[in-house]
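Here is a short round of questions on one protein chain. Look over the sequence and the model before reading on.

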Amino acid sequence: MSISKRQEQILELLQENISLTVEKLSELTYTSPSSIRRDLTKLQNLHLLKRTHGGASLPETASKIIPVENRMEINTAAKKKIAKKASSLICDGQYIMLDSSSSASFLIPYIANHKNITLFTNNMLTAIDAVNHGINVHCLGGFNTNNSFTLSGPECYRAISEIHTDIFFFSLNSLDKDGIISSPSEDGIYLRKLMMKNSDKSVFLCDSQKFNRKSPYTFSSIDDVDVAVFDVPYKELNAKCEIIV
């Protein structure tokens, strides 16, 4: 995909919020409004978003499909590399939780190579992919958020609270050099905290496009996670948890 790191970040922010103003995008990306406007023009020309008065939104005619396709196409090689590395943590007979991220979804082929796996996820597309790979999967209940394939809400929270898994794989938008994991979505933070609380081991999947970023809502310190998996070393990172590169 011939777009810049910042333009990828803009798409990710819109996937979480559907519509944002130029000023808000400027604040979240630490970029001037004029640069954001140029980015939006390019992304609109690529049919990846729609310019609105004072900002941008996801295309109305593809509000369900395009956000997911964008996530799957952004930095795909790095995400596949991370999934392959993270797959070394998977064992036969495990109960596995995957969040709604595209990074976690790349684990599906590796999970399918193991026997007697039970998978839980709140991403409907990930659940369908798991079924197609012959994996025993539970799609967590709830309602879809922001016209996406991600399930959330009280039903989803309750379902997660009643499950205990061996390992939880997840990703979020931002990781800064102090080890703070953050996201532009408050709801996404709460869901993942529940998932991590109800799993024996948590694994953070983070490609280098997310390095040196900071979003409004803090998830945790990376040292609260058991394992972090990167595609390349993050030399500036101050962390004590196990890191696989």
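Buried means under 20% relative accessible area. The model is predicted.

Q: Which residues of helix 2 are buried?
A: Helix 2 covers residues 22-29. The cut-off for a buried residue is under 20% relative accessible area. In helix 2 the residues that count as buried are Val22, Leu25, Ser26, Leu28 and Thr29.

Q: At roughly what angle do the axes of helix 2 and helix 3 cross?
A: Helix 3 spans residues 33-45, and its axis comes within 9 Å of that of helix 2. Angles of 65 to 115 degrees count as roughly perpendicular. Helix 2 is therefore roughly perpendicular to helix 3. The crossing is at roughly 105 degrees.

Q: How many nonpolar, polar and charged residues make the contact of helix 2 with helix 3?
A: Helix 2 brings Val22, Glu23, Leu25, Ser26 and Thr29 to the contact. Helix 3 brings Pro33, Ile36, Arg37 and Leu40. Sorted by class, the contact has five nonpolar, two polar and two charged residues.

Q: What phi does Tyr30 take?
A: Tyr30 comes just after helix 2. Its phi is positive, at about 55 degrees.

Q: Is Gln7 buried or exposed?
A: Gln7 is found in helix 1, residues 5-17. Leaving aside neighbours within four places in sequence, Gln7 is in contact with Asp39, Lys42 and Leu43. With a relative accessible area of 5%, Gln7 is buried.

Q: Which strands stand at the edges of the sheet with the order 1-3-2?
A: This open sheet has three strands and antiparallel pairing. Each edge strand has a single partner strand, so one side of each is left without a neighbour in the sheet. Neighbouring strands are turned by 25 degrees against each other on average, direction ignored. The edges are strand 1 (19-21) and strand 2 (50-52).

Q: Which residue of strand 3 stands opposite Thr21?
A: Strand 1 and strand 3 (residues 55-57) run antiparallel. Three bridges join them. Opposite Thr21 stands Gly55.

Q: At about what angle does helix 3 run to strand 2?
A: Helix 2 lies across strand 1 and strand 3, at about 85 degrees to strand 1. Helix 3 lies across strand 2 and strand 3. Its angle to strand 2 is about 140 degrees.

Q: Where does Phe120 of strand 5 find its opposite residue?
A: Strand 5 (residues 118-121) is covered on both faces. Thr118 and Phe120 are buried on one side, Leu119 and Thr121 on the other. Strand 5 pairs with strand 6 (residues 136-139) in the parallel sense over four bridges. The residue opposite Phe120 is in strand 6: His138.

Q: Which residue of strand 5 is the bridge partner of Tyr95?
A: Strand 4 (residues 95-98) and strand 5 run parallel. Four bridges join them. The partner of Tyr95 is Thr118.

Q: Which residue of strand 13 stands opposite Ile180?
A: A further open sheet of three strands has the order 10-11-13, with antiparallel pairing. Its edge strands are strand 10 (174-175) and strand 13 (217-221). Strand 11 (residues 180-183) pairs with strand 13 over four bridges. Opposite Ile180 stands Ser221.

Q: Which helix packs on that sheet, touching strand 11 and strand 13?
A: The direction of this helix makes about 25 degrees with that of strand 13. Its residues are 186-197. The helix is helix 10.

Q: Which residue of strand 15 stands opposite Ala228?
A: Strand 14 (residues 227-230) has both faces covered, with Ala228 and Phe230 buried on one side and Val227 and Val229 on the other. Strand 12 (residues 199-206) pairs with strand 14 in the parallel sense. So does strand 15 (residues 242-244), over three bridges. Opposite Ala228 stands Ile243.

Q: What is the radius of gyration of the protein chain?
A: The chain has 10 helices and 15 strands. The globule rule gives 18 Å for 245 residues, and the computed value is close to that, so the chain is as compact as a globular protein of that length. The radius of gyration is 17 Å.

Notes:
Residues numbered from 1 in each chain as written. Predicted model: local features only at pLDDT ≥ 70, side-chain atom pairs only at ≥ 80, totals over all residues. Heavy atoms only, no water. Axes fitted to C-alpha atoms, helices over the stretch in contact; angles between N-to-C directions. Helix = DSSP H or I, 4+ residues; strand = E, 2+ residues; numbered from the N terminus. Parallel < 35°, antiparallel > 145°, perpendicular 65-115°, else oblique. Contact = heavy atoms within 4.5 Å. Nonpolar A, V, L, I, M, F, W, Y, C, P; charged D, E, K, R; others polar. Buried < 20%, exposed > 50% of the residue type's maximum accessible area, 1.4 Å probe, protein only. Pairing = 2+ DSSP bridges. Rg over C-alpha atoms; globule rule 2.2 N^0.38 Å.
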